[in-house]
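Trainee: I have a chain open on my screen. Could you take one part of it and walk me through that part closely, then show me how the rest fits around it?

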Amino acid sequence: MNGKVILAILVVISGAVGYVFYSSTQSEWNEVEPVSESAESTTKEDAVTVEPEPKSVPKKDPAPVVEAPALTPAVTTETEQEEPKVAAPDLVTAPKSVNNSDARVKEAITDLAQRMVRWMVPAEQVRKWVLTIDLVADGKIPYKHAPIKYDRDPFLVLPAGDETYVSDSGNYSRWDDLIGVISEVPVQDAARYYREWLPLFEKAYDELGKQGNFHDRFMAALGQVRSVSEPPMGATLVRPHIFYQFADPELEAASALTKWMWRLGPENMLELQDFARNLSAELTYR
């Protein structure tokens, strides 16, 4: 058979197949394969016969198909980057009654600040702590019914003139152990224990017969501790009776809490104030 005739037959067959394939697929995701160089040599009449009239194909919105795969990895990536949450350690839960609660208080203090247990005065711990906080909120300190008994060396002075004295700087170290134990307590743990035991503290505060609530008094006590000014260094002391006092009337007129914190020394006082400030912030903003 003539080669040209064979070539013409192949062109016609390929054109017919292409027409059928194109007609049966109306999706814009399928493209007609490019025509071979042999097809370009067909006559003008054959080309018109092979190519179908253009049809208007409705456009499909590919957005859902394109965007859907992109959303999944974004969410997955964000989830994978989240840090695992660490469970908080268990607390010693508060008892329901203030009565007979001393054993549970000892367990809680042992967990929170073990070294403080040695100074505890066992009986009526909750009531003593609540009373102490109520006094501190007014700028006072407990002389009776204190929750702890902290033994320390005697107060030392140096002579400064005719029946006047100045405090020995070595007095500050007498309070190092107590302030060290308090400052080592993790503030977040202290706040968690406070929230757990607050209902019991409120019951003990109600027994005092005062207006308001214990939480407000506790926050006021922290505010009192934070507001104490720097201790007067080298202030003159006198001893009209048993105890020493400031010769300056203005210094002597300071609150009992303020003068006690001055006796701690600058470093210990700042540590205690930092703890009070951090605990106050933890209870206010967390």
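Mentor: Let's start with one residue, Leu251. Leaving aside residues up to four places away in sequence, Leu251 touches Pro232, Ala235, Phe246, Lys259 and Trp262. Keep in mind that this is a predicted model. Leu251 sits in helix H9, which covers residues 249-252. Take one of its partners, Pro232. Leu251 and Pro232 are 19 residues apart along the chain, and their C-alpha atoms are separated by 8.4 Å.

Now widen the view. The chain has 11 helices and four strands. Of its 286 residues, 29% count as buried. Look at contacts with a separation of 6 or more: residues 24 or more positions apart account for 66% of them. The chain exposes about 19900 Å², and carbon and sulfur atoms supply 56% of that area.

Next, follow helix H11, residues 266-285. H11 has 20 residues. From first C-alpha to last, H11 reaches 28 Å, close to the 28 Å expected at 1.5 Å a residue. Which residues of H11 are buried? They are Asn268, Met269, Leu272, Gln273, Phe275, Ala276, Leu279, Ser280, Glu282 and Leu283. Read those numbers with the helix turn in mind. An α-helix has 3.6 residues a turn, so residues three or four places apart point the same way. What do the buried residues of H11 pack against? Their neighbours are helix H6 (176-184), helix H7 (187-207), helix H8 (214-227) and helix H10 (256-264).

That brings us to the core. In soluble globular proteins, nonpolar side chains tend to be buried together. Here, the largest nonpolar core has 57 residues. The residues with the most contacts inside this core are Val126, Phe214, Phe218, Met261 and Leu279. Helices H4 (102-112), H5 (125-136), H6, H7, H8, H10 and H11 each supply at least two residues of the core. The largest share, 11 residues, comes from H7. Pick out Met261 and see what surrounds it. Not counting residues up to four places away in sequence, Met261 touches Val225, Val228, Met269, Leu272 and Gln273. Met269, Leu272 and Gln273 are among the buried residues of H11.

Go now to the start of helix H4. Asp102 is found in H4. Is Asp102 buried or partly exposed? Asp102 counts as partly exposed because its relative accessible area is 25%, and buried means under 20%. Beyond residues up to four places away in sequence, Asp102 touches Pro122, Ala123, Glu124 and Gln125. Asp102 and Pro122 are 20 residues apart along the chain, with their C-alpha atoms separated by 6.5 Å.

Glu124 leads us to the charged pairs. The side chains of Glu124 and Arg127 meet in a salt bridge, at 2.4 Å from N to O. Both partners are partly exposed: Glu124 has 38% relative accessibility, and Arg127 has 23%. In total, the chain has nine salt bridges.

Another one joins Arg115 and Glu184, at 3.2 Å from N to O. This pair links distant parts of the chain. Arg115 lies in the loop between H4 and H5, Glu184 lies in helix H6, and the two are 69 residues apart. Arg115 is partly exposed, at 37% relative accessibility. Glu184 is exposed, at 55%.

A third salt bridge pairs Asp138 with Arg217, and their closest N and O atoms are 3.0 Å apart. These two are 79 residues apart, with Asp138 in the loop between H5 and strand E1 (157-161) and Arg217 in helix H8. How exposed is each partner? Asp138 is partly exposed, with a relative accessible area of 42%. Arg217 counts as buried because its relative accessibility is 18%, and the limit is under 20%. Salt bridges that share partners join Asp134, Asp138, Lys210 and Arg217 into one network.

Finish with the strands. E1 and strand E2 (residues 164-167) run antiparallel, and four bridges join them. One pairing to find on screen is Leu158, whose bridge partner in E2 is Val166. E1 and E2 form a hairpin with two residues between them. In the turn, Glu163 has a positive phi of about 55 degrees.

Key:
Residues are numbered from 1 along each chain as its sequence is written. This is a predicted model: local features need pLDDT of at least 70, side-chain atom pairs count only at pLDDT 80 or more; totals for chains, interfaces and linings use all residues. Side-chain values use heavy atoms; hydrogens and water are left out. The expected span of a helix is 1.5 Å times one less than its number of residues. Buried means under 20% relative accessible area, exposed over 50%, partly exposed in between (1.4 Å probe, protein chains only). Contact means heavy atoms within 4.5 Å. A nonpolar core is a set of buried Ala, Val, Leu, Ile, Met, Phe, Trp, Tyr and Cys residues joined through side-chain atoms within 4.5 Å. Accessible areas come from the Shrake-Rupley method with a 1.4 Å probe; for residues, only the protein chains shown count as cover. A salt bridge is a side-chain nitrogen of Lys or Arg within 4 Å of a carboxyl oxygen of Asp or Glu. Two strands pair if DSSP finds at least two bridges between them.
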